[in-house]
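Student: I am new to this structure and would like a close look at a single part of it. Could you walk me through how the helices pack?

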Amino acid sequence: DDVFDMHVGQADIFDAAVRPIVDASMCGYNGTVFAYGQTGAGKTYSLTGGQQYSERGIIPRTIEHVFRSHNLIRVCVSYVEIYQESCYDLLDHSHSATPIEEWKRVLAMQNGHGEVQMQGLGVYETETEKDAMNLLFTGNIHRMTSETPMNQASSRSHCIFTLSIESHGSEG
């Protein structure tokens, strides 16, 4: 819970607002970072970053932080897009040459314990930071974009990028 000046860099925002959540996740707690705001406000920039390495956003910094931990056992990635009230797996390789209207839908269903599960969403195990980053880039390429009056490349959708982490011990 903080407000950052527009001149604060990505690293400072990560360190202040996200690193504690990631560190807690490495200790077994569920963590969520949620970006909300008007079209063109900078959500995508904050999450994925800009053109320069120093401008990398929350997700690439999280991936880097997780993989540089000495306690990792396993990391899996999933990336779902919610577009026009339907869910799609952004990491499904068959989407590269197919229009979104032909993509297989992911179904959000509630299990017997009241938990939401995404039926048909791939979960991809990653062995390296580079593999996880490549999955992020692949998903970003598959996202739906179009021009709006506020943003020339608006994502026009909502996304959930998930890192499932198995670790041993505390983050230190």
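Tutor: Here is a walk around one helix and its neighbours, followed by a short look at a hairpin and the cysteines.

This is a predicted model, in which local features need pLDDT of at least 70 and side-chain atom pairs count only at pLDDT 80 or more, while totals for chains, interfaces and linings use all residues. Residues are numbered from 1 along each chain as its sequence is written, and side-chain values use heavy atoms, leaving out hydrogens and water.

Let's start with helix H3, residues 58-67. Helices (H or I, at least four residues) and strands (E, at least two) are DSSP runs, numbered from the N terminus. Two packed helices are described by the angle between their axes and the distance between the axes. Axes here are lines fitted to C-alpha atoms, for helices over the stretch in contact, and angles run from 0 to 180 degrees between N-to-C directions.

One partner of H3 is helix H4 (residues 129-142): their axes come within 9 Å and cross at roughly 160°. H3 and H4 are therefore roughly antiparallel; angles under 35 degrees count as roughly parallel, over 145 as roughly antiparallel, 65 to 115 as roughly perpendicular and the rest as oblique. On the H3 side, the contact (heavy atoms within 4.5 Å) is made by Ile59, Pro60, Ile63, Glu64 and Phe67, and H4 brings Glu129, Ala132, Met133 and Leu136.

Another partner is helix H1 (residues 10-26), which packs against H3 at about 50°, with the axes 10 Å apart. H1 and H3 are therefore oblique to each other. From H1, the contact residues include Phe14, Val18 and Val22, and from H3 they include Ile58, Thr62 and Val66.

Now for the hairpin. Strand E3 (residues 105-110) and strand E4 (residues 116-119) run antiparallel, joined by 4 bridges; two strands pair if DSSP finds at least two bridges between them. Ala108 faces Met118 across the pair. The hairpin has 5 residues between its strands, and Gly114 in the turn has a positive phi of about 80°.

Finally, the cysteines. The whole structure has 0 disulfides, a disulfide being a pair of cysteine sulfur atoms within 2.5 Å. Why does Cys27 have no bond to Cys76? The closest cysteine sulfur to that of Cys27 is in Cys76, 19 Å away, which is too far for a bond. Cys27 is partly exposed at 41% relative accessible area, while Cys76 is buried at 7%; buried means under 20%, exposed over 50%, and partly exposed in between (1.4 Å probe, protein chains only).
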